[in-house]
Each structure stands twice: as C-alpha cells, then as structure tokens.
Amino acid sequence: MNYVIIAIFLIIILLAVLKAVSKDAHLDMNKLVDYLGGRDNIIKTEVNLSRFRVKLKDISIVNKEGIQKLGAKGIVEIDDELKIILSNNSTQLKKYIDELK
C-alpha cells in the first residue's frame, strides 16, 4: 500500500514539473511583437538556428528588457536590426509574425 502512495506522489510531482517546464518554454509571441514595437514596426524577419533576426522601422521603441524577461538568451543591436537568441522558438516566432502581416 505504501508503494502505491509513493508512486502516485511521484507521478503528481512529475506532472507538475512537466507543466512548469512547458510553460517556461512557451514564448508569449503577442508580448514579444508588442515589445518589438508592434507588427507595423517589423519590416523583415529571418531565422538562423536559434537566432531570430528582425529589421525594424524604429529600433528606439523596442523594449529590450521585456524581451529578455520573456526568455531571450541574448540581444544584439546593429543599426536598425536586432538579433535575438531564442533557442527553439525562433522558427515559430517567424511563422507567427509572417502570418500577422
């Protein structure tokens, strides 16, 4: 009987951990688009592995701190472009932004 209780307890812990990990891995794409200055501020997007590259009309309105809080591993600004390291979410984000336009 004790083994059944322990097994149920471990399953509950496992499910809680998996839910927390999947929630952290999910990028809030709507917020990211807002932090980039909105869809009208985005000119062009490209993906190279885990890097998401975005060309913007006005880079001064970008909320880089907000982007990092969403899970970006790093942000590099070059002229009117941002290179954002997003791990596995880069391709999903490009597809999402392309569908917005």
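**Surface, sheet and core of a predicted protein model**

Trainee: About how many Å² does the accessible surface of the protein come to, and what percentage of that surface belongs to carbon and sulfur atoms?
Mentor: Keep in mind that this is a predicted model. The accessible surface of the protein comes to about 7,100 Å², and buried residues make up 27% of the 101 residues. The part of that accessible surface that belongs to carbon and sulfur atoms is 58%.

Trainee: Which pattern of helices and strands does the protein follow along the sequence?
Mentor: There are 4 helices and 4 strands to place in this protein. Among the contacts with a separation of 6 or more, 57% are between residues 24 or more positions apart. Read along the sequence, the pattern is α-α-β-β-α-β-β-α.

Trainee: In what order do the 4 strands form the open sheet?
Mentor: Start with the pairs, taking first β1 and β2, which are antiparallel over 6 bridges, and then β3 (residues 74-78) and β4, which are antiparallel over 5 bridges. The edge strands, each pairing on one side only, are β1 (42-48) and β3, and the twist from one strand to the next averages 20°. The order of the strands in the open sheet is therefore, with antiparallel pairing and with two strands counted as paired if DSSP finds at least two bridges between them, β1-β2-β4-β3.

Trainee: Which residue in the turn of the hairpin formed by β3 and β4 has a positive phi?
Mentor: Within this pair of strands, I75 has I84 in β4 as its bridge partner, and the hairpin has 2 residues between its strands. Most residues other than glycine have a negative phi. The residue in this turn with a positive phi, of about 55°, is D79.

Trainee: Is L49, in the loop between β1 and β2, buried or exposed?
Mentor: L49 is found in the loop between β1 and β2, and in β2 the bridge partner of N48 is R51. The phi of L49 is near 55°, a positive value in a residue other than glycine. Because exposed means over 50% relative accessible area and L49 has a relative accessible area of 72%, L49 is exposed.

Trainee: Why is S90 called buried, and what is its relative accessible area?
Mentor: S90 is found in helix α4, which lies across β1 and β2 and runs at about 155° to β1. Leaving aside neighbours within four places in sequence, S90 is in contact with V47, L49, S50, R51 and F52, and a polar atom of the S90 side chain lies 2.7 Å from the backbone oxygen of S50. S90 is called buried because the term means under 20%, and the relative accessible area of S90 is 0%.

Trainee: How many residues does the largest nonpolar core have?
Mentor: The elements that give two or more residues to this core are α2 (29-35), β2 (51-56), β4 (81-85) and α4 (90-100). Inside the core, the residues with the most contacts are L36, F52, V54, L56, L82 and I84, and L82, not counting residues up to four places away in sequence, touches residues including L36, F52, V54, L56, I59, V62 and I75. The number of residues in the largest nonpolar core is 18.

Note on methods. Residues are numbered from 1 along each chain as its sequence is written. This is a predicted model: local features need pLDDT of at least 70, side-chain atom pairs count only at pLDDT 80 or more; totals for chains, interfaces and linings use all residues. Side-chain values use heavy atoms; hydrogens and water are left out. Buried means under 20% relative accessible area, exposed over 50%, partly exposed in between (1.4 Å probe, protein chains only). Contact means heavy atoms within 4.5 Å. Accessible areas come from the Shrake-Rupley method with a 1.4 Å probe; for residues, only the protein chains shown count as cover. A nonpolar core is a set of buried Ala, Val, Leu, Ile, Met, Phe, Trp, Tyr and Cys residues joined through side-chain atoms within 4.5 Å. A polar contact is a pair of N or O atoms within 3.5 Å; within protein, one must be able to donate a hydrogen and the other to accept it, and residues adjacent in sequence count only if both atoms are side-chain atoms. Axes are lines fitted to C-alpha atoms, for helices over the stretch in contact, and angles run from 0 to 180 degrees between N-to-C directions.
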